[in-house]
Amino acid sequence: MERNTRQSKPDFSQRSAKPNTWYDLYEDWGLIEASIASQYGIRLRAEPEMTWDEFCTLLAGIMPETPLGQVVSIRSENDREKLKHFSPEQHRIRNEWRSREIKKARWTDEEAAKAVQEFQNIIKQAFG
């Protein structure tokens, strides 16, 4: 019996099973564009034929050395020893994200579903 070892693509229309998501598709769009350009050499604005599935695959593979990867590393850091050595800017990035996420958690399911639907419509228009 052959087992499918291929990883599934992220489904951005569903709530994450993980308690923390360390980036926001809207607010971090510039970081996402820069990261895909630096890692893959692809300029998203110049790719009118890219499918949503392909975009999801590229985003899921973003490495820590990219602009988004670096910010995600800062936002998600919990090691007290590493946090002691953070610069004031790194602390600001981390604290702003965590404060924002607490406020965002107050969305109702209906508000969150509406926001996801709106974003999906924007992306579908952009990527077909």
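Which residues in α1 meet which residues in α2? In this predicted model, Trp29, Ile32, Ile36 and Tyr40 are the residues of α1 that meet Phe55, Thr57, Leu58 and Leu59 of α2. Two packed helices are described by the angle between their axes and the distance between the axes. For α1 and helix α2, which spans residues 52-60, the angle is about 80 degrees and the axes are 10 Å apart. Because angles of 65 to 115 degrees count as roughly perpendicular, α1 is described as roughly perpendicular to α2. Sorted by class, the contact of α1 with α2 has 7 nonpolar residues and 1 polar residue, with no charged residues.

A further contact of α1 involves helix α3, residues 67-76, where the two axes come within 7 Å and cross at roughly 125 degrees. This crossing makes α1 oblique to α3. On the side of α1, the contact is made by Leu31, Ile32, Ala34, Ser35 and Ser38, and on the side of α3 by Pro67, Leu68, Gly69 and Val71. By class, this contact of α1 with α3 has 6 nonpolar and 3 polar residues, and again no charged residues. Ile32 of α1 is thus named in the contact with α2 as well as in the contact with α3.

Helix α1 also takes part in the lining of a pocket. The second largest pocket has a volume of about 190 Å³, and α1 (29-40) and α6 (109-127) each supply at least two residues of the lining. The largest share of this lining, 5 residues, comes from α6. In total, 13 residues line the second largest pocket, and those nearest its centre are Trp29, Ile122, Ile123, Ala126 and Phe127. Of these, Trp29 is also one of the α1 residues that meet α2. The lining divides into 10 nonpolar and 3 charged residues, with no polar residues.

Aromatic rings were examined as well. A pair of aromatic rings is described by the distance of the centres and the angle of the planes. The count for the model comes to 5 aromatic pairs, among them the pair formed by tyrosine 26 and phenylalanine 119, with 4.6 Å from centre to centre and 80 degrees between the planes. Since planes over 60 degrees apart count as edge-to-face, the pair of tyrosine 26 and phenylalanine 119 is classed as edge-to-face. This pair links distant parts of the chain, as tyrosine 26 lies in the segment before α1 and phenylalanine 119 lies in helix α6, 93 residues apart.

How values were computed:
Residues are numbered from 1 along each chain as its sequence is written. This is a predicted model: local features need pLDDT of at least 70, side-chain atom pairs count only at pLDDT 80 or more; totals for chains, interfaces and linings use all residues. Side-chain values use heavy atoms; hydrogens and water are left out. On a 1 Å grid over the protein atoms alone, a cavity is a set of points where a 1.4 Å probe fits but cannot get out, and a pocket is an open set with protein on both sides within 12 Å along at least five of seven lines; lining residues have an atom within 4 Å of a point. Grid points are joined across faces, edges and corners, and a volume is the space filled by probe spheres set on the points. Helices (H or I, at least four residues) and strands (E, at least two) are DSSP runs, numbered from the N terminus. Ala, Val, Leu, Ile, Met, Phe, Trp, Tyr, Cys and Pro count as nonpolar, Asp, Glu, Lys and Arg as charged, and the others, Gly among them, as polar. Axes are lines fitted to C-alpha atoms, for helices over the stretch in contact, and angles run from 0 to 180 degrees between N-to-C directions. Angles under 35 degrees count as roughly parallel, over 145 as roughly antiparallel, 65 to 115 as roughly perpendicular and the rest as oblique. Contact means heavy atoms within 4.5 Å. Rings of Phe, Tyr and Trp (its six-membered ring) pair if their centres lie within 6.5 Å; planes under 30 degrees apart count as stacked, over 60 as edge-to-face and the rest as tilted.
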